[in-house]
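Let's take a walk through a structure with two chains in view, one step at a time. Keep the 3D picture open while you read.

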Amino acid sequence: MTTPLLELENLHTFFYTDTGVARAVDGVSFAVGVGETVGVVGESGCGKSVTALSILRLVRPPGRIEPGSVMRFEGKDLMALDESEMQHVRGNRIAMVFQEPMTALNPVFTIGDQIGEVARVHAGMNKREALAKAVEMLKLVGIPAPEQRAGEYPHQLSGGMRQRVVIAMALVMNPALVIADEPTTALDVTIQAQILELLGDLTRRLGTSVLLITHDLGVVAENCTRVIVMYAGEVVEEAATSELFAHAHHPYTEGLLGAMPRVGGEKDRLATIPGTVPPPTNWPKGCRFRDRCPYSWERCEAEHPPLYQIGGGHTSRCHLAEEPERRQHPHPPLAAQRGATAA
Amino acid sequence: MTAPGQIASFTRPRRLLSRLLRDSRTRIAIVVLLIVALSAVFAPLLAPYDPTAQLDIVRLPSQPPSLAHPLGTDPYSRDVLSRLLYGGRISLAVGLGAVLLAMSFGIAIGAVAGFIGGAVDAVLMRFVDAALSIPRLLVLILVASLWGSLGLVPLTLLMAGTGWFAVSRLVRAETLVLREREFIVAARALGASPFRILVRHVLPNVAAPALVSATLGIANVILLEAGLSYLGIGVRPPTASWGAIIQDGAEQVSDLWWLTLFPGLAILVTVFACNALGDALRDAFDPRQLPRGTDPTFAAEA
């Protein structure tokens with residue numbers, strides 16, 4: 001395999017809060033290849049967004065990327081760059097698409113101004129050139145009457161249009177990597193598919209790698225070549241998309257797949273995973289999913305599972321990799337038992 | 001919460017103007033301010049006499065209003081109408097100048113404190129806290145009486161120097177809110193430098209509240225200047241200012257009523273119009289605000 005575009009090794013990002021140290025990202029390692037679209041899945045609070053912000057080194061105090069974290073991008077060590085070199089990476093080589101197109105745009109500037117600003121910052125264009133570039137980008141993301149739209153303000157556009165604008169801003173400098181943090185969560189379902197198709201289509205054409213952060217496995221299935229499942233600040237499973245959907249190994253991934261609504265599914269009620277993610281200031285000692293897991297046993301409490309190789313680039317952070325026969329004996333998870341006694 | 005995309009701003013002046021002019025009270029305030037400003041600017045053309053000339057100290061001191069002197073004369077035999085017109089120049093110049101300076105300084109300090117945060121913020125804001133706890137009039141009286149009486153420029157500087165604290169607090173608070181907004185993070189993610197973010201993304205968004213505060217600030221400075229001049233420590237005589245004219249007749253208010261009434265009215269009308277405009281601007285900048293006179297019960301359906 002050729003050198004990946006982006007490589008994270010042992011990324012730790014901690015937040016030093018009044019209630020203790022929140023280990024939001026706790027030893028995450030993965031890689032994104034050139035032209036590849038990688039999905040990062042997990043429920044709220046598992047560290048997906050903090051991972052994204054860490055890559056751009058946008059974590060603000062009280063948050064801190066811990067020493068020893070390694071982030072290599074295009075052969076450069078991102079941790080070793082100074083702030084002005086980092087500014088050159090942001091928006092130029094790595095761009096970000098945010099979740100809320102309403103709030104990601106500055107209300108007091110026209111969208112042409114805002115798209116053009118990226119070109120002015122990174123390509124040193126003057127106002128006229130930047131505006132021409134903005135119009136070109138608006139055309140690229142399929143906004144009708146781009147010359148006229150460039151002069152409008154964010155509030156004059158619909159949510160879907162705004163997200164197109166945000167995507168246009170991200171692609172101005174033709175970056176090598178686009179990080180899309182829940183790019184469709186704030187949009188209507190009907191618009192979601194359009195936006196994802198647009199993002200996929202453009203990045204394929206431009207050869208851009210995408211790190212697609214989402215909690216929606218359906219989005220992953222349709223757009224990603226590889227999936228990283230995160231739980232409680234860690235990667236718990238990684239596999240090619242088809243492999244993951246066919247042979248999910250980690251009980252958490254199983255739970256996520258089970259919680260997906262399916263057309264024609266025979267079950268009336270949607271399955272859920274009992275319990276919630278533990279607080280990041282106080283991760284459990286052994287397996288962090290133990291309380292919610294239907295297979296957990298003594299070993300899960302005592303021993304923090306490493307990422308086991310399952311074969312074919314498939315890894316899973318579950319002791320079942322060594323004791324697969326345990327899968328035959330599911331039991332109600334501890335969280336569900338507690339819930340039952342409490343109720 | 002409104003959608004943040006609806007914050008009004010300088011960049012949409014036409015819409016702002018139409019929102020402003022929708023209300024008849026605001027239209028009156030604007031017209032009044034225009035009249036006051038124009039008569040101050042064109043005072044040399046409008047004033048029938050030299051405002052400092054003692055016309056005829058033997059026959060014409062303290063004349064009540066007449067055809068020759070529509071607003072009468074003062075004890076020094078000067079034409080009050082002329083002094084009123086010229087006095088408007090002083091009052092407005094000091095008001096505008098002081099507020100302009102105070103705004104620039106207050107916005108700069110507030111934005112820097114809010115944006116950088118940490119120790120810089122703590123030091124600046126503790127200083128502002130301390131400054132705010134000293135009554136402004138007291139400082140003005142102290143400095144003015146140490147100097148004897150003040151020239152126009154020192155007076156303006158003094159007003160500005162004591163007038164920026166509240167603005168800097170306001171702007172800092174706005175900046176703190178803005179700093180956490182996603183479009184600021186987005187701008188950083190797109191590689192904008194902190195300075196660029198401050199100038200391009202923070203300042204335009206604090207412009208609206210700052211403008212409102214400035215309009216109200218002008219009224220405040222006009223009142224302060226009048227107060228100082230009335231106390232005899234404002235502008236140096238024989239320069240006319242509204243407060244100084246009142247001071248000239250202060251000892252015989254019941255006899256020389258025209259020396260109090262007309263400049264008093266000028267101050268009242270100007271300050272009132274400034275405050276009305278400030279309120280109207282605040283409403284116009286806030287899209288949630290319904291036009292005055294709209295019945296809120298049915299407005300939602302409109």
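What follows starts with the sheet in chain A, zooms in on a few strands, and then moves over to chain B. One thing to keep in mind from the start: this is a predicted model.

**The sheet in chain A**

How many strands form the open sheet of chain A? Eight of them do, in the order β7-β8-β9-β3-β10-β11-β13-β12, and their pairing is mixed. A bit of background helps here: strands of a sheet pair through backbone hydrogen bonds, either parallel or antiparallel. At the edges sit β7 (94-97) and β12 (308-311) of chain A, each of which has a pairing partner on one side only. If you ignore direction, neighbouring strands in this sheet are turned by 20° against each other on average.

Here are three of the strand pairs, with one bridge from each:

| Strand pair | Bridges | Direction | One bridge pair |
|---|---|---|---|
| β7(A) and β8(A) | four bridges | parallel | Met96(A) and Ile179(A) |
| β3(A) and β10(A) | four bridges | parallel | Gly39(A) and Val227(A) |
| β10(A) and β11(A) | six bridges | antiparallel | Val227(A) and Ala239(A) |

Let's begin at one edge. β7(A) is covered on both faces: Ile94(A) and Met96(A) on one side are buried, and so are Ala95(A) and Val97(A) on the other. Helix α6 of chain A, residues 159-171, lies across β7 and β8 (177-181) of chain A. The direction of α6 makes an angle of about 175° with β7(A).

**Inside the sheet: β3 and β10**

Now look at β3 (residues 37-41) and β10 (residues 226-231) of chain A, which run parallel. Besides the bridge in the table, Val38(A) has Arg226(A) as its bridge partner in β10(A).

Is β10(A) enclosed or open? Six of its six residues are buried, so β10(A) is largely enclosed by the rest of the structure. You can follow this on each face: Arg226(A), Ile228(A) and Met230(A) point one way, while Val227(A), Val229(A) and Tyr231(A) point the other way, and all are buried.

On the other partner, β10(A) and β11(A) make a hairpin with two residues between them. Ala232(A) sits in that turn and has a positive phi of about 50°.

A helix joins the scene too. Helix α10 of chain A (residues 251-258) packs on the sheet and touches β3, β10 and β11 (234-240) of chain A. Its direction makes about 105° with that of β10(A).

**Zooming in on Val41(A)**

Val41(A) belongs to strand β3 of chain A. Is Val41(A) buried or exposed? There are 25 C-beta neighbours inside 10 Å of Val41(A), and 20 or more make a residue buried, so Val41(A) counts as buried.

Which residues does Val41(A) touch, leaving out those up to four places away in sequence? The list is Thr214(A), His215(A), Leu217(A), Val220(A), Val227(A), Val229(A), Met230(A) and Leu256(A). Another handy distance: Val41(A) and Glu254(A) are 213 residues apart along the chain, yet their C-alpha atoms are separated by 13 Å.

**Over to chain B**

Chain B has 13 helices and zero strands. Of its 302 residues, 42% count as buried. Looking at contacts in chain B with a separation of 6 or more, 71% are between residues 24 or more positions apart.

For one helix pair, try α5 (residues 118-132) and α8 (residues 165-179) of chain B, which pack at an angle of about 140° with axes 9 Å apart. That angle makes α5(B) oblique to α8(B), and their crossing is left-handed. From α5(B), the contact uses Met125(B), Val128(B), Ala131(B) and Leu132(B). From α8(B) come Phe165(B), Ala166(B), Ser168(B), Arg169(B) and Arg172(B). Sorted by type, the residues of this contact are six nonpolar, one polar and two charged.

**Where the chains meet**

Finally, the two chains touch, with 21 residues from chain B and 25 residues from chain A in the contact. On the chain B side, α9 (182-189) and α10 (194-230) each supply at least two residues. Which of the elements of chain B gives the most? That is α9(B), with six residues. The chain B side as a whole divides into ten nonpolar, eight polar and three charged residues.

Conventions
Residues numbered from 1 in each chain as written. Chains lettered and ligands numbered in written order. Predicted model: local features only at pLDDT ≥ 70, side-chain atom pairs only at ≥ 80, totals over all residues. Axes fitted to C-alpha atoms, helices over the stretch in contact; angles between N-to-C directions. Parallel < 35°, antiparallel > 145°, perpendicular 65-115°, else oblique. Left-handed = near helix turned anticlockwise from the far one by under 90°. Contact = placed C-beta atoms within 7 Å. Nonpolar A, V, L, I, M, F, W, Y, C, P; charged D, E, K, R; others polar. Pairing = 2+ DSSP bridges. Buried ≥ 20, exposed ≤ 12 C-beta atoms within 10 Å, placed from the backbone.
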